[in-house]
Amino acid sequence: MSNTTTTTGGGAHILVFPYPAQGHMIPLLDLTHQLAVRGRLTITILITPKNLPILNPLLSRNYPFSSVETLILPFPINHRLIPPGVENVKDLPPTSLRSMIIAMAELYDPLLHWFNSHPSPPVAIISDLFLGWTSHLASHLGIRRIVFSPSPAHSIAIIDSLWRGLPKINDKHSHDDPANNTCLIQFPGIPNSPVFPWSHLSPIYRTYREGDPDSEFIRDCIRANVASWGIVFNSFRELDSVYLDYMVKNRSDDESGYYDRVWAVGPLLPPDNDDGPTERGGSGSIATSDLLSWLDTCPDHSVVYVCFGSQVVLSNKQMEGLAAGLECSGARFLWCVKEATEGHVVGEYGIVPAGFEDRTTGRGMVVRGWVPQVLILRHRSVAGFLTHCGSNSMLESLAAGVVILAWPMGADQYSNAKLLVDQMKAGVRVCEGEDTVPDGAELGRVLAESVSGNRPERVRAMELRKAAADTVKVGGSSFNDLDRLVRDL
């Protein structure tokens, strides 16, 4: 059921439980690495069999003072919501998020059995925010549960507010926007009083139906997070300070705060001089060495990197619009393409237009599958990043000082885009919406501008790059919060 790597620990035994999505697993495993190298904890990581390859790069590292073990539990068999053989949301359409949250809860009893049979069970659980049921498990066991959030406090404040207040389209916290014939949801209690159209809220929330067992389970999971011992954010104070302060429970028990303890320990990324594995989430159609060699041939700040994370698959119409934009821009580019997965109509998604690669030979590269995104963003040649504004992509881009070209499509991406573009001024809005087909000429103009001149957004991105680097150094706020987390554990 489990295997052990490296040497013995000696400190408190902690269970780390990631949610099976690459954007959630990788930063939590990076946090696990940071906890392990401090040498004070014994760590067990819970994983299902098909997710073990994502864990292996962490296990291949050498920890001279810590032990890291794996607990491999079988994925729930024949689950009504997940196709057989699938154990990670990267193999499912984005609408599967809700289904995976529900399926993972079937690990409650096997995990409880493991705790009860272990000679020295963990004294705390660090688990993803989508595994809120582990708060109930921890309470049953009489141990602490800590939430891990790959998203910034800005996004989690909005999510928590939604599930606490359950605003509807006709609630007093919303009002009609006749110009767009949409409903705007207001969050007056959150700093800067954000406002979002109904369609920009989390799809999991928008599909909530009061009294529906699955919906009520999701709500309970999210609300259970607040009852946990504390929350760890993959964020940093220079990006997120006002929202991090907001997330701390006020001593008067005012509803404006949520958590007794908040630690901001990001950006959780390999150091610039890291010599660990580059294939942190899989493999692609072009070897990492070939990608980096091609980037080496490009001038500084001349390449647009295009990637929409591990879940988004563009329709063929969107692929055509994006390809036209890249071609019209005249800019160098590196385009990471995700091909159709379970639930997509074969032949209607993820196909690069015929002839595009031939017409752009030498000026661009198209990669199918996984790419080493952190290494690409850190490369001197990359100037702009066309992204869906997922939390990891946002942090990785800021840490590299690369201007974000925002195309939010769902989940927390709209709130991330608002934070980046409107508040941090480190990005440019390009498109929005999961079904939007970009205009090739307009997109080409924006992409061309992203690699020309010293734009104000690039100046701001470089300022945030320095802040991100400083915060994880000795004495920085994230370094100190990480040390505080280890001491608290």
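**Entry 1: K466 and its helix**

I started with K466, which counts as exposed at 53% relative accessibility. I use three classes here: buried is under 20% relative accessible area, exposed is over 50%, and partly exposed is in between (1.4 Å probe, protein chains only). Before going on, I noted that this is a predicted model, where local features need pLDDT of at least 70, side-chain atom pairs count only at pLDDT 80 or more, and totals for chains, interfaces and linings use all residues. I also noted that residues are numbered from 1 along each chain as its sequence is written, and that side-chain values use heavy atoms, with hydrogens and water left out.

K466 sits in helix α17, residues 456-471. Helices (H or I, at least four residues) and strands (E, at least two) are DSSP runs, numbered from the N terminus.

Which residue forms a salt bridge with K466? I found D470, with the closest N and O atoms 2.7 Å apart. My cut-off for a salt bridge is a side-chain nitrogen of Lys or Arg within 4 Å of a carboxyl oxygen of Asp or Glu. Both D470 and K466 belong to helix α17, and they are four residues apart, about one turn of the helix. D470 counts as partly exposed, at 29% relative accessibility.

I then looked across the chain from K466. Its C-alpha atom is 7.7 Å from that of A399, although the two residues are 67 apart along the chain.

**Entry 2: more salt bridges**

How many salt bridges does the structure hold? I get 16. As a general note to myself, side chains of opposite charge can pair when their charged atoms come close.

One of them joins the side chains of R359 and E327 at 2.7 Å, N to O. This pair links distant parts of the chain: R359 is in helix α12 (residues 356-359), E327 is in helix α11 (residues 316-329), and they are 32 residues apart. E327 counts as partly exposed, with 29% relative accessibility.

Another bridge runs between R455 and E457, where the closest N and O atoms are 3.2 Å apart. Is R455 buried or exposed? R455 is buried, at a relative accessible area of 15%, and E457 is buried too, at 17%.

**Entry 3: helix α14**

I went next to helix α14, residues 391-400, which is mostly covered. Nine of its 10 residues are buried, among them S391, N392, M394, E396 and L398. After α14 comes G401, with a positive phi near 70°.

**Entry 4: Q413**

Q413 lies in helix α15, residues 413-423. Q413 counts as buried, at 9% relative accessibility.

What does the side chain of Q413 reach? I see the backbone nitrogen of M409, at 2.9 Å. This goes down as a polar contact: a pair of N or O atoms within 3.5 Å, where, within protein, one must be able to donate a hydrogen and the other to accept it, and residues adjacent in sequence count only if both atoms are side-chain atoms.

Leaving aside neighbours within four places in sequence, I listed H388, C389, G390 and P408 as residues in contact with Q413. Contact here means heavy atoms within 4.5 Å.

**Entry 5: the cores**

In general, nonpolar side chains in soluble globular proteins tend to be buried together. I call a set of buried Ala, Val, Leu, Ile, Met, Phe, Trp, Tyr and Cys residues a nonpolar core if they are joined through side-chain atoms within 4.5 Å.

The largest one has 82 residues, and those with the most contacts inside it are Y19, L111, W163 and M247. Helix α6 (residues 153-165) gives the most to this core, with seven residues. Where does this core lie with respect to domain 1 and domain 2? Domain 1 (12-268 + 473-488) and domain 2 (288-453) both give residues to this core, so it lies between them. The domain bounds come from an automatic or database domain assignment.

I also checked Y19: leaving out residues up to four places away in sequence, it touches H24, M25, V89, L97, M100, I101, D128, F130 and L131. A second, separate core of 30 residues includes L28, L41, V68 and I126.

**Entry 6: the whole chain**

Last, I stepped back. The chain has 18 helices and 17 strands, and 57% of its 489 residues count as buried. Among contacts with a separation of 6 or more, 74% come from residues 24 or more positions apart.
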